[in-house]
Amino acid sequence: MPVSHESQHHMKRVFTESFSVADIAEPLVSFDATTGSEQVKALMAERGYDVVGVRRQGRVAGFLRREELEGGCCDDHLRKFGEALVLPETACFPTVVNALVDVPRVFVTTFGGVGGIVTRSDLQKPPVRMWLFGMVTIVEMGLMELIEQHLPGDVWRQHLSDGRLEKAEVLLSERKRRNQELDLLDCLQFADKWQIALRDSRIFEKVGFESRKRGTETGKQLESLRNNLAHAQDISADWEVIVKLVEHLDHILTF
């Protein structure tokens, strides 16, 4: 059955409001403006920091980049936050992902001042992984609904090879042995459902593929992301498809 307008609204709210940048931000380590640059540079190298904050009169007034520290004190190398992107602690994950497309880091405000920092590596954290896996699951559910709508019964079988169908049938037999109430479509792999969507013109148009080539590439990227999330693997190589998911979030939630 198609997802109701109320359900779509609820899912959109979940995927745009349930998590915020505060869930993944790291505290921004800071130093007094009068602290010597060489001292700070050595400490940054020791701890693996690329950026730290600079305090003036007890408040963080700007930031330093390790590669720019040569001589003098921190204040001599201070960069104003106006040169960087600053997000409120309530900013949602789609906003964070969109921001990190163009910059290596974003700063986060808390209690009226900048107090946190987020980089792409922070997208490996559990809250983001949960959020991403949920979005991929929504994509898969949307494909299932479109297949059931446009290729009812076993009509969809024509779009898969005998080998892929046999694997699904083996899985169905095993699940039935465990008294699980499923049908063959439920036993298809993500790649199988994506393949069906590519081969049926009505589903192809509904999903909005630019071309079959691009659709195939996106399917492989989504499958890679899904597998990496499911097996707790590094997802840094999946950055391109993460950006795509965010860019098309509204469309994904209304398949």
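What share of the 255 residues of the protein counts as buried? In this predicted model, the figure is 42%. The legends below start with the whole chain and then move to close-up views.

**Figure 1. The whole protein, with its ten helices and eight strands.** Taken along the principal axes, the C-alpha atoms fill a box of roughly 75 × 40 × 35 Å. The radius of gyration is 24 Å, whereas a compact globule of 255 residues would have one near 18 Å. Looking at contacts with a separation of 6 or more, 57% join residues that are 24 or more positions apart. About 13,900 Å² of the protein is exposed, and carbon and sulfur atoms supply 50% of that area. As for charge, there are 32 positive and 39 negative side chains, and the centres of these two sets lie 1 Å apart.

**Figure 2. The largest nonpolar core, a set of 58 residues.** Trp131, Leu132, Trp156 and Leu245 are the residues with the most contacts inside this core. Helix α4, residues 126-150, gives the core its largest share, with eleven residues. Apart from this core lies another, of ten residues, and Ala33, Met44, Val52 and Leu69 are among them. As a general background, nonpolar side chains tend to be buried together in soluble globular proteins.

**Figure 3. A close-up of Trp156 and the residues in contact with it.** Once neighbours within four places in sequence are left aside, Trp156 is in contact with Ile147 and Leu151, and also with Leu165, Leu184, Leu185, Leu188 and Ile196. Ile196 is also one of the buried residues of helix α6, the subject of the next view.

**Figure 4. Helix α6, residues 190-199, largely enclosed by the rest of the structure.** Why is α6 described as largely enclosed? It is because seven of its ten residues are buried. Those buried residues are Phe190, Asp192, Lys193, Trp194, Ile196, Ala197 and Leu198. They pack against four helices that you can look for here: α4, α5 (162-177), α7 (201-207) and α8 (212-230).

**Figure 5. Pro127, a residue in helix α4.** Is Pro127 buried or exposed? Its relative accessible area is 17%, which is under the 20% limit, so Pro127 counts as buried. Not counting residues up to four places away in sequence, Pro127 touches Phe19, Asp23, Ile24 and Phe93. For a sense of scale, try finding Asn179 as well: Pro127 and Asn179 are 52 residues apart in sequence, and their C-alpha atoms are 33 Å apart in space.

Conventions. Residues numbered from 1 in each chain as written. Predicted model: local features only at pLDDT ≥ 70, side-chain atom pairs only at ≥ 80, totals over all residues. Heavy atoms only, no water. Core = buried A, V, L, I, M, F, W, Y, C linked by side-chain atoms within 4.5 Å. Buried < 20%, exposed > 50% of the residue type's maximum accessible area, 1.4 Å probe, protein only. Helix = DSSP H or I, 4+ residues; strand = E, 2+ residues; numbered from the N terminus. Contact = heavy atoms within 4.5 Å. Rg over C-alpha atoms; globule rule 2.2 N^0.38 Å. Areas by Shrake-Rupley, 256 points an atom, 1.4 Å probe, with all protein chains shown as cover. Lys, Arg positive; Asp, Glu negative; His and termini not counted. Charge placed at Lys NZ, Arg CZ, Asp CG, Glu CD.
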